[in-house]
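Subject: Structure handover

Hello,

Here is the structure we spoke about. Please have a look at it first; my notes follow below.

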Amino acid sequence: MPEDILDGLAAAATIKDLSDGMYLYAKNDEADGIYGVLEGAIVAGVCSESGKRAVYAILEPGSWLGEISIFDLRPRVSDAIAKGDTRILFIPRGRFQRLLDERPQLYKYFIGILCEHYRTATRLLESNMMRPVAERLALRLLDLTASYDFSSSPAQPASVKVSQEELSLMAGTTRQRINQELKNWEKQGWIEVSYGYVAVLDRTALEGLLSLI
């Protein structure tokens with residue numbers, strides 16, 4: 001975004017600090033504003049009445065969230081929960097709407113964010129309905145590292161803060177099955193697994209698993 005637009009957003013914003021496991025908002029909450037992740041991460045997902053969880057995405061620094069309810073003025077569509085100590089940029093709904101009125105060019109940037117979130121949701125639905133587990137896992141890792149520039153820093157692998165349990169919830173399978181695939185890929189040098197993190201070493205290899213893009 002141009003500097004003057006960024007300055008406008010910053011002037012309208014305040015900071016929220018969340019500890020691990022705190023809710024930024026819950027599904028069906030009324031929309032109070034739009035958020036940007038500055039530090040830590042936010043897990044977006046839902047939990048059924050029986051306690052079954054589904055994870056849609058893990059949003060790391062640089063990600064925006066909460067924009068859907070700001071534009072359609074309807075309740076939140078998912079839970080948003082802090083993963084570790086997390087710092088959030090918060091722009092209240094009224095201030096954000098005034099910014100949109102004053103700076104209509106803002107729409108094109110946030111429409112781009114909406115489109116990317118829609119594409120991610122479509123890939124998630126398609127993969128969980130049609131793809132085998134290995135492809136579903138590859139897609140989740142590719143989505144999580146989509147913003148990383150592999151060409152500029154080839155010596156620095158894209159490391160994402162995600163547990164095997166969270167990957168299993170995102171891929172719609174068991175933790176044991178995820179562990180099996182990760183170990184296989186680690187032996188082949190495609191990824192590196194450490195406690196709470198997965199580093200993608202060979203993005204091309206993961207892309208090669210996909211029969212459809």
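Thr204 is exposed, with a relative accessible area of 58%. That is over the 50% cut-off for exposed residues. Thr204 sits in helix H8. Leu142 is 62 residues away from Thr204 in sequence, yet their C-alpha atoms are 9.8 Å apart in space. Bear in mind throughout that this is a predicted model.

Stay with helix H8 for a moment. The helix spans residues 203-208 and holds both Arg203 and Glu207. These two are four residues apart, about one turn of the helix. They form a salt bridge, with 3.5 Å between the closest N and O atoms. Glu207 is partly exposed, at 35% relative accessibility.

Now the overall picture. The protein chain has eight helices and nine strands. Its radius of gyration is 18 Å, and the globule rule gives 17 Å for 213 residues, so the chain is as compact as a globular protein of that length. Along the principal axes, the C-alpha atoms fill a box of roughly 55 × 45 × 30 Å. Buried residues account for 41% of the 213. Take the contacts with a separation of 6 or more: 71% of them join residues 24 or more positions apart.

The surface and the charges come next. The accessible surface of the chain is about 11600 Å². Carbon and sulfur atoms contribute 52% of that surface. The chain carries 24 positive and 29 negative charges, and the mean positions of the two sets lie 4 Å apart.

How many salt bridges does a search of the whole structure find? The search gives eight. Side chains of opposite charge can pair when their charged atoms come close. Besides the pair in helix H8, two are worth a look.

One is Asp17 with Arg87, at 2.7 Å from N to O. Asp17 belongs to strand E1 (residues 14-18) and Arg87 to strand E6 (residues 79-92), so this pair ties together parts 70 residues apart in sequence. Both ends are partly exposed: Asp17 has a relative accessible area of 49%, and Arg87 has 32%.

Another is Arg76 with Asp32, where the closest N and O atoms are 3.2 Å apart. Arg76 lies in the loop between helix H2 (67-72) and E6, and Asp32 in the loop between strand E2 (23-25) and strand E3 (33-47), so the bridge links parts 44 residues apart in sequence. Are the two partners buried or exposed? Arg76 is buried, with a relative accessible area of 2%. Asp32 is partly exposed, at 37%.

Last, Asp79. This residue is in strand E6. Why does Asp79 count as buried? Its relative accessibility is 10%, and buried means under 20%. Leaving aside residues up to four places away in sequence, Asp79 touches Tyr23, Tyr25, Ala26, Lys27, Val43, Ala44, Gly45, Val46 and Cys47. Tyr107 is another matter. Asp79 and Tyr107 are 28 residues apart in sequence, and their C-alpha atoms are 25 Å apart in space.

If you open the model now, try these places: Thr204 in helix H8, the bridge between Asp17 and Arg87, the bridge between Arg76 and Asp32, and Asp79 in strand E6.

Best wishes

Definitions and conventions:
Residues numbered from 1 in each chain as written. Predicted model: local features only at pLDDT ≥ 70, side-chain atom pairs only at ≥ 80, totals over all residues. Heavy atoms only, no water. Rg over C-alpha atoms; globule rule 2.2 N^0.38 Å. Buried < 20%, exposed > 50% of the residue type's maximum accessible area, 1.4 Å probe, protein only. Contact = heavy atoms within 4.5 Å. Areas by Shrake-Rupley, 256 points an atom, 1.4 Å probe, with all protein chains shown as cover. Lys, Arg positive; Asp, Glu negative; His and termini not counted. Charge placed at Lys NZ, Arg CZ, Asp CG, Glu CD. Salt bridge = Lys/Arg side-chain N within 4 Å of Asp/Glu carboxyl O.
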